[in-house]
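The questions below ask how certain structural labels are earned. Each answer sets a computed value against the criterion behind the label and then draws the conclusion.

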Amino acid sequence: MIRIISFICIASFIWITIHHFDAHVLFDLAYKIVSQPWHASYMVIMYGLAFVLRAIAWKWYLPQARFQTCIVGIFASLFVNHILPIKIGDVPRIGICVKQERIPFSMVTHSVIVLRFLDFIILFFFAFLGAIIYMHTVVRSALIFPLAFGGVVALFFVLRRMDPSWLQKHKQHWSMIWKSRRFVPISVVVVFSWICESVVLFEMAKMIAFPLSFTEALWVNSMAVGGQVFQMTPGGVATYEAVMAFALTRVHSHWEQAYALALATHAFKFVFSYVVGLYVWWRIPTLWTFVRKEEAA
């Protein structure tokens, strides 16, 4: 099912590229980013702050780990996900934390899975809420109920195929953090991290006068990032652009500008991931040993 949706996204990307790519709009946006260094710096700071907040959330969940290890692990995950066509960035993230902090592998793995699940819930909330507000035609159509039913059925079969004992372990960890005092502050920090990430799209939209409010930017960013579960290319190239361009045009039907914004924001995130990734690689030359072990497994 995931591969079918991935191929649909890639086909949509090709179709959008053929029909709506406008080099003039893209170059105009690139020129404005380069010619406005303070504006660009603000986007870098806010995007970087998003990962700092996620590192804080991980540190609060796993008090034994140092903040420095948390931020390095998250940057390593970001880098690897933008290098490889499969989403295995959490492997080096877990490996770095286990090796540097001497924390049991199972404990670190559970922490990453629970925080990823929290990310998913928050993104789904933003995406679902935005769909109700901005996608009136879809929500009101007869398609919404079959789609929702199909999603529930697919989730049911996926859960059935999983090892019940494996699910039970993560359920215990989720229950533990859910009942603890840390749950609310961790959730608030994660919510703000996605708000910070949305600043990149919001600021770029302003540069080319694309009419986009901040709440709309938050919804579109949540849709595009959430769509990365269907990643089949490094960094989810094609999937990200297709989902973001489609979501942007639900707000305003300027396909050329929407497509340029999708390309530019994704390029921005690629550059950021490579810069921080090279820094992590310089600090931890054994980074790829974790990835190779996973590929060999």
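Q: Why is Ala209 called exposed rather than buried?
A: In this predicted model, Ala209 has a relative accessible area of 62%, and since the label exposed is given over 50%, the residue counts as exposed.

Q: Where does Ala209 lie, and what is its phi?
A: Ala209 is found in the loop between α10 and α11 (214-226), just after the end of α10. Its phi is near 60 degrees, a positive value in a residue other than glycine.

Q: Which loop holds Arg102, and what makes this residue exposed?
A: Arg102 sits in the loop between α5 (90-101) and α6, and its phi, too, is positive, near 60 degrees, in a residue other than glycine. The relative accessible area of Arg102 is 72%, and because exposed means over 50%, Arg102 is classed as exposed.

Q: How do you know that the span of helix α10 agrees with its number of residues?
A: Helix α10 (residues 183-207) has 25 residues, which at 1.5 Å a residue should span 36 Å, the multiplier being one less than the number of residues. The end C-alpha atoms of α10 are 37 Å apart, which agrees with that expectation.

Q: Why is α10 described as largely enclosed by the rest of the structure?
A: Of the 25 residues of α10, 18 are buried, so the helix is largely enclosed by the rest of the structure; the label buried requires under 20% relative accessible area. For the protein as a whole, 47% of the 297 residues count as buried.

Q: What does α10 contribute to the largest nonpolar core, and which residues of that core touch the most other members?
A: The largest nonpolar core has 80 residues, and those touching the most other members are Trp58, Met204, Leu248 and Leu261. The largest share of this core, 13 residues, comes from α10. A second, separate core of seven residues includes Ala238, Ala242, Ala245 and Trp255.

Q: Which residues does Leu261 touch, leaving aside those up to four places away in sequence?
A: With that exclusion, the contacts of Leu261 are Leu29, Leu201, Met204, Ala205, Ile208, Phe210, Met244 and Leu248, where touching requires heavy atoms within 4.5 Å.

Q: What makes Glu101 and Arg66 a salt bridge, and how far apart are they in sequence?
A: The side chains of Glu101 and Arg66 meet at 2.9 Å, N to O, and because the criterion is a nitrogen within 4 Å of a carboxyl oxygen, the pair counts as a salt bridge. Glu101 belongs to helix α5 and Arg66 to the loop between α3 (37-61) and α4 (67-81), so that the pair links distant parts of the chain, 35 residues apart. Glu101 is buried, with a relative accessible area of 14%, whereas Arg66, at 44%, is partly exposed.

Q: Which salt bridges involve Asp90, and how do you know that they qualify?
A: Asp90 meets Arg93 at 3.6 Å, N to O, and its closest N and O atoms with Arg116 are 2.9 Å apart; both pairs are salt bridges, because the cut-off is within 4 Å. Arg93 and Asp90 both lie in helix α5, three residues apart, about one turn of the helix. Asp90 lies in helix α5 but Arg116 in helix α6, so that pair ties together parts that are 26 residues apart in sequence.

Q: Why are Arg93 and Arg116 given different labels, buried for one and partly exposed for the other?
A: The relative accessible area of Arg93 is 7%, which is buried because the label applies under 20%; Arg116 has 34%, which falls between 20% and 50% and is therefore called partly exposed.

Q: How many salt bridges does the structure hold, and which residues are linked in a network?
A: The structure holds seven salt bridges, and Arg54, Glu197 and Lys269 are linked in a network of them.

Q: Which residues make the nonpolar surface patch, and why can Ile133 be a member?
A: The patch, of about 870 Å², is made by Phe117, Phe120, Ile121, Phe124, Phe125, Phe128, Leu129, Ile132 and Ile133. Ile133, placed in helix α6 (residues 105-134), is partly exposed at 41% relative accessibility, and it therefore meets the requirement of over 30% for patch residues.

Methods. Residues are numbered from 1 along each chain as its sequence is written. This is a predicted model: local features need pLDDT of at least 70, side-chain atom pairs count only at pLDDT 80 or more; totals for chains, interfaces and linings use all residues. Side-chain values use heavy atoms; hydrogens and water are left out. Patches are made of residues with over 30% relative accessible area and no salt bridge: like charges are joined within 9 Å, nonpolar side chains (Val, Leu, Ile, Met, Phe, Trp, Tyr) within 5 Å. Accessible areas come from the Shrake-Rupley method with a 1.4 Å probe; for residues, only the protein chains shown count as cover. Helices (H or I, at least four residues) and strands (E, at least two) are DSSP runs, numbered from the N terminus. Buried means under 20% relative accessible area, exposed over 50%, partly exposed in between (1.4 Å probe, protein chains only). A nonpolar core is a set of buried Ala, Val, Leu, Ile, Met, Phe, Trp, Tyr and Cys residues joined through side-chain atoms within 4.5 Å.
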